[in-house]
Amino acid sequence: MPGFRKRSPTAPVAPPKAPSLADLIARLEANGRSVDRPFLEKVYAYSAEMHKDQVRRSGEPYLTHPASVAAILADLRLDQTCVAVGLLHDVLEDTLTTRAALEAEFGAEIAELVDGVTKIGKHLYVRKDEAQAETFRKMILASARDLRVILVKLADRLHNMMTLDAMSTEARRRISQETLEIYAPIANRLGMAKVKGELEDLAFFYLYPLQFASLQEKVDERLRVGKKGIAEIRERLVTALAEGGIAAEISFRVKRYYSIFQKLRRQGIDISELYDYLAFRIVTEELRDCYAALGVVHQGWRPIPGRFKDYIAMPKPNLYQSLHTTVLGGRGQPFEVQIRTREMDLVAEDGIAAHWRYKEGRLAPDGADKNVRWLRQLVEIQTEQSDPRSFLSSLKLDLYPDEVYVFTPKGDVFALPRDATPLDFAYRIHTDLGHHCTGARINGRLAPLRTPLKTGDIVEILSSPTRNPSRDWLGLVVTSRAKSKIRHWLNTQQTEQAIQIGRRMLEKELARHKLTLKRTVESERFRKLLAEEGLGRPEDLLARLGYGKATLAQLLPRLLSAEELQATPEPPGAFRRAIGRLLPSGAAAPIAVSGPGDLLTVLAKCCRPVPGDEIVGYITRGRGISVHSIDCPNVRNLLYNPEREIEVAWSREDGGVFAVSLVIETEDRRGMLARLTEAIAKLDTNIRQIEADTERPGRGDIEVVVEVKNRGHLEKIRKALGALPGVLEVSRRMSGSARGARALD
């Protein structure tokens, strides 16, 4: 794999020039894959022809990218079809080639796979976030039919990350953040540890360059100092296993830099306090030798209580199997030992790609298929969420690693994410059980629904047919399945209420014109209106009216003839007064609203959008339109209902000043606060509020609320602060709390 073994995964450099066709064939044959040389020659030539006039931002011929992606796929031991798709994966997106032409040239299977990894064009959607979300949804749905789609996409993202230095600073940060949120977790769910580690470390390098350089230096120094001790431990392991008659290979590895970085931040410690950055790996021939080797390790070193995990008896959902134990070294410093068979080691590194099985080009109905059923669950979720951004939020939630194993009273075991609650457990078993859940018994004792579950808990769900979900439940669950089911139920109820409100409003107005709703709905004008609005049912139009996304003043001229409208003239100002009773009027922000005019628009305090941000309007109950950033956690994760969204835009740039909250992580240096405030003052920016603490050793956390004119002004401030000596990270705070979610109610 280009750059996979030949370079340090934590020092991103441009990979070698594009692998040749002969190189790709050699990689396939080395991994025992069958090769149809004429077919691959045709594919390689086609890709070269389609991309012949294109160059990458680095100045290299564009063919270097698809050829490198194909080489990564070959090194992952994937089949010839996958390698061919790697060579062709960009022809639909970046050339004039059509899917029909691709299918005529290489067949339906190749065309379908290439289409699955092709992005959705932004011109089809109003905003960039919609295009991004719809692209991910398309990819997941295609992967549920054929998992090779997602494997090609991972290889594509890996090579893009390897060559990311040619992009602008803003693009590097955006792509790296997306990699950490989506692609690395997907690789983890598929058990592809090498790909996951590469993606995380490359993203870490671009997102936190100062922390990366500092951590790399400290880890390298510790390895140099501890080199002798590492050799001694390995020698003792070799001798002890040989004396026990256990044939095994012994190696050691250092934790990935991003993994170390996360642990240091999570525990609030310095690298000097981290001892388990090193792990020894024992790979045996037979399963029984794994447990025998564990006994040898525990006889030679004292095990630390509570640090033993048997992933062989209870594998992780991503196929991973191994024994993990942490023991104390000769100098009192702990180190980890991982023990597994050769087959388990292969799966631990390459995951689903290590034992790929196909039947007529589709994932075979065997054990491997069962281990990716989370993709099927995502397909189920997307059928309940028409909005692609809600689906993307569910995807991010579902990618959290499963770490808790709980049991039903009958002994069935379920894997759930850390911090999952009995309510998550109820929805995992069955949707109806979740909807009607009233309580739970954990290990025989009654427990609140918000209780975090622990591995080994026996959970019994109590239910009642009269109990239904409430909005508060969204704050009690962590799994995407539970959140999706609760949102779907709540949105269905809201839609029914909106339909009833819209029905009453339209019936009352039609009665003034001596018309009935039934007659109007059956009219040709009504059917024409539905068609023009792209609606399938009369209820959809009534729901729009009830939600406030459409008004009687807009609809009546299109539903009634001029004679019918003049027969009963509307009292002057009647509609405005009616709207005024429902929603406040006026404008508190420089926002233009598509649809009803003169409605109050309020900038949400949870995300504090500024001119230049991409924004979304949300119709609240009686408080006008709440305007949020599209990245606001409350819009994405809590009470979001697509039916209550309304299009909004910044109407002018000179909208005064806007308060934005920045979170600054610094080294604990004397005078740090003074340097920050001086830098902000030099940028003609007022500070409304500032708070600082140094609870974490060697670190300072500062939150400052500043006044900015627009997004450009904000980015200028962030860049200036980030360049100060001792500043580690500058980020914009967006609240995802339940209090912030009230803006959506």
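Q: Three strands form an open sheet here; in what order do they stand, and what is the pairing?
A: Strands of a sheet pair through backbone hydrogen bonds, either parallel or antiparallel. In this sheet the order is β12-β11-β13 and the pairing is antiparallel. Two strands pair if DSSP finds at least two bridges between them. The strands (E, at least two residues) and helices (H or I, at least four residues) are DSSP runs, numbered from the N terminus.

Q: Before going on, what kind of model is this, and how are the residues numbered?
A: The model is predicted: local features need pLDDT of at least 70, side-chain atom pairs count only at pLDDT 80 or more, and totals for chains, interfaces and linings use all residues. Residues are numbered from 1 along each chain as its sequence is written, and side-chain values use heavy atoms, with hydrogens and water left out.

Q: Which strands stand at the edges of the sheet of three?
A: They are β12 (445–447) and β13 (459–463); each has a single partner strand, so one side of each is left without a neighbour in the sheet. From one strand to the next, the twist averages 35 degrees. Strand β11 (residues 437–442) runs antiparallel to β13 and is joined to it by five bridges. Within this pair, G439 stands opposite L462 of β13.

Q: What is the strand order in the open sheet of four strands?
A: The order is β15-β17-β16-β18, and the pairing is mixed. β15 and β18 (645–646) are the edge strands, each pairing on one side only. β16 and strand β17 (residues 625–629) run antiparallel, with five bridges between them. There, V616 stands opposite H628 in β17.

Q: How do helices α24 and α25 pack?
A: Two packed helices are described by the angle between their axes and the distance between the axes. For α24 (residues 524–533) and α25 (residues 538–547) the angle is about 75 degrees and the axes are 10 Å apart. The axes are lines fitted to C-alpha atoms, for helices over the stretch in contact, and angles run from 0 to 180 degrees between N-to-C directions. α24 is therefore roughly perpendicular to α25 (65 to 115 degrees).

Q: Which residues make that contact?
A: F526, L529, L530 and E533 of α24 meet P538, L541 and R544 of α25, where contact means heavy atoms within 4.5 Å. Five of the residues are nonpolar, none is polar and two are charged. Ala, Val, Leu, Ile, Met, Phe, Trp, Tyr, Cys and Pro count as nonpolar, Asp, Glu, Lys and Arg as charged, and the others, Gly among them, as polar.

Q: What is the sign of phi in R77 and R608?
A: Most residues other than glycine have a negative phi, and most peptide bonds are trans. Phi is positive in R77, near 65 degrees, and positive in R608, near 50 degrees. R77 is in the loop between α3 (64–75) and α4 (80–88), whereas R608 lies in the loop between β15 (601–603) and β16 (615–619).

Q: Are R77 and R608 buried or exposed?
A: Buried means under 20% relative accessible area, exposed over 50%, and partly exposed in between (1.4 Å probe, protein chains only). R77, at 26%, counts as partly exposed, and R608, at 30%, is partly exposed.

Q: Where is S651?
A: S651 is in the loop between β19 (648–650) and β20 (658–667). Its relative accessible area is 44%, so S651 is partly exposed. The C-alpha atoms of S651 and P611 are separated by 9.1 Å, and the two residues are 40 residues apart along the chain.

Methods: Parallel < 35°, antiparallel > 145°, perpendicular 65-115°, else oblique.
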